[in-house]
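Reader: Please show me the structure and explain the terms used to describe it.

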Amino acid sequence: MSAQHAQSKIAMHRHTTWLLTLLSLLVMQACDSDTPTGPLGDLPSEPDLGSYVPPELDMAPIVSPPPTRLDGSMDPSEGSYGAPCEVASDCREGVCVTAGEGHICSRACATTCEPFPDGQAAYCRYDPAQNSDNFACYPSQNRLCQACVDPSQCDGAPCVETSEGLRCTQPCRDSADCPSDFTCQEEACLPVNGSCDCGSSNVGETRVCQQQNAYGQCFGEETCDPAEGWVGCSAETPAQERCDGVDQNCNGLIDEDVTSATCQVSNEHGSCEGVEVCVGEGGRECFGPTPSAETCDLVDNDCDGQID
Ligand SMILES: [Ca+2]
Ligand SMILES: [Ca+2]
Ligand SMILES: [Ca+2]
């Protein structure tokens with residue numbers, strides 16, 4: 001082996017050693033997971049969390065859908081309990097009732113009602129104005145002096161007798177809660193004079209009045225006195241018709257149905273049977289033949305049953 005060849009061999013050995021060292025360094029770097037590397041080989045350093053400012057979040061409230069009822073229907077959707085209506089057919093349950101100035105859908109009831117969806121209390125009653133005795137749920141209203149037969153029609157307030165018949169009262173704590181001409185008694189506003197139609201606003205007003213009994217119905221006129229109510233009814237008390245030229249039973253007929261009876265026309269010659277007839281103001285008169293002295297004329301002149 002020449003000296004030149006030996007030098008060349010040493011140089012090659014050095015070159016091989018350097019390549020192996022470089023290769024092993026590359027392998028070690030590839031296996032180090034803590035030091036990510038990629039095709040670019042130059043990743044940014046880890047972010048500094050200490051100076052991290054999160055972006056501002058949109059904190060608008062979450063809008064949830066309207067509450068649903070147990071039967072799953074939404075309130076108050078078109079035609080449901082409490083929804084506005086004009087006629088019964090607008091409503092799912094076929095009942096449209098007055099509510100203030102307008103109408104709302106309601107339902108039939110027997111005694112009680114659940115509140116309307118807006119929280120308004122509901123009362124089971126019938127509406128006298130609608131000419132129907134079907135009970136339905138009505139929103140609470142001031143029904144003072146409206147006709148009634150039962151407190152359920154007065155939204156819980158008593159139904160009392162007035163000079164106009166049974167009328168609703170209005171709940172109260174004291175008389176300050178009641179309109180003028182009304183006073184609070186036992187937590188109900190009552191008309192001070194017993195009348196819903198006569199008060200300080202119509203002093204001296206007159207209206208038709210009547211007297212009624214088994215014989216008939218007579219009409220007259222009465223006057224409003226705020227202290228006492230309607231007073232001075234001029235109507236006669238109906239009575240059995242009698243023969244006197246006056247209409248006692250106020251049916252427009254004078255001395256009608258006054259029965260006729262037999263009667264006797266009497267004088268010194270005897271008594272003849274006649275018929276009693278009503279002649280009005282003069283009372284009854286007996287109409288029949290006048291007895292006379294018996295004469296020969298084939299007539300029983302003295303009415304004794306014997307001719308001539
Ligand atoms: Ca009469
Ligand atoms: Ca009469
Ligand atoms: Ca005779």
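Author: The following exchange concerns a predicted model.

Reader: What makes β1 and β2 a pair?

Author: Two strands pair if there are at least two bridges between them. β1 and β2 have five bridges, so they count as a pair, in the antiparallel sense. Within this pair, Val-97 stands opposite Ile-104 in β2. The two strands form a hairpin with two residues between them, and Gly-100 in the turn has a positive phi of about 65 degrees.

Reader: How do you know that Val-97 is in contact with Tyr-138?

Author: Contact requires C-beta atoms, placed from the backbone, within 7 Å. Val-97 is in contact with Tyr-138, and also with residues including His-103, Asp-127 and Ala-136; therefore its C-beta atom lies within 7 Å of theirs.

Reader: Why is Val-97 called a residue of the largest nonpolar core?

Author: A core joins buried residues of listed kinds, Val among them, and buried means that 20 or more other C-beta atoms lie within 10 Å. Val-97 belongs to this core of 16 residues, so it is a buried residue. Val-97 is also among those with the most contacts inside the core, as are Cys-105 and Ala-122. β1, β2, β3 (122-125) and β4 (136-139) each supply at least two residues of the core. A second, separate core of 13 residues includes Cys-148, Cys-154, Cys-168 and Cys-172.

Reader: What makes β9 and β11 edge strands?

Author: Each pairs on one side only, in an open sheet with the order β9-β10-β11 and antiparallel pairing. β10 and β11 have three bridges, so they meet the requirement of at least two. Thr-223 stands opposite Val-231 in β11.

Notes
Residues are numbered from 1 along each chain as its sequence is written. Chains are lettered from A and ligands numbered from 1 in the order in which they are written. This is a predicted model: local features need pLDDT of at least 70, side-chain atom pairs count only at pLDDT 80 or more; totals for chains, interfaces and linings use all residues. A nonpolar core is a set of buried Ala, Val, Leu, Ile, Met, Phe, Trp, Tyr and Cys residues joined through C-beta atoms within 7 Å. A residue is buried if 20 or more other C-beta atoms lie within 10 Å of its own, exposed if 12 or fewer, and partly exposed in between; C-beta atoms are placed from the backbone. Helices (H or I, at least four residues) and strands (E, at least two) are DSSP runs, numbered from the N terminus. Two residues are in contact if their C-beta atoms, placed from the backbone, lie within 7 Å. Lists of a residue's contacts leave out its neighbours within four places in sequence.
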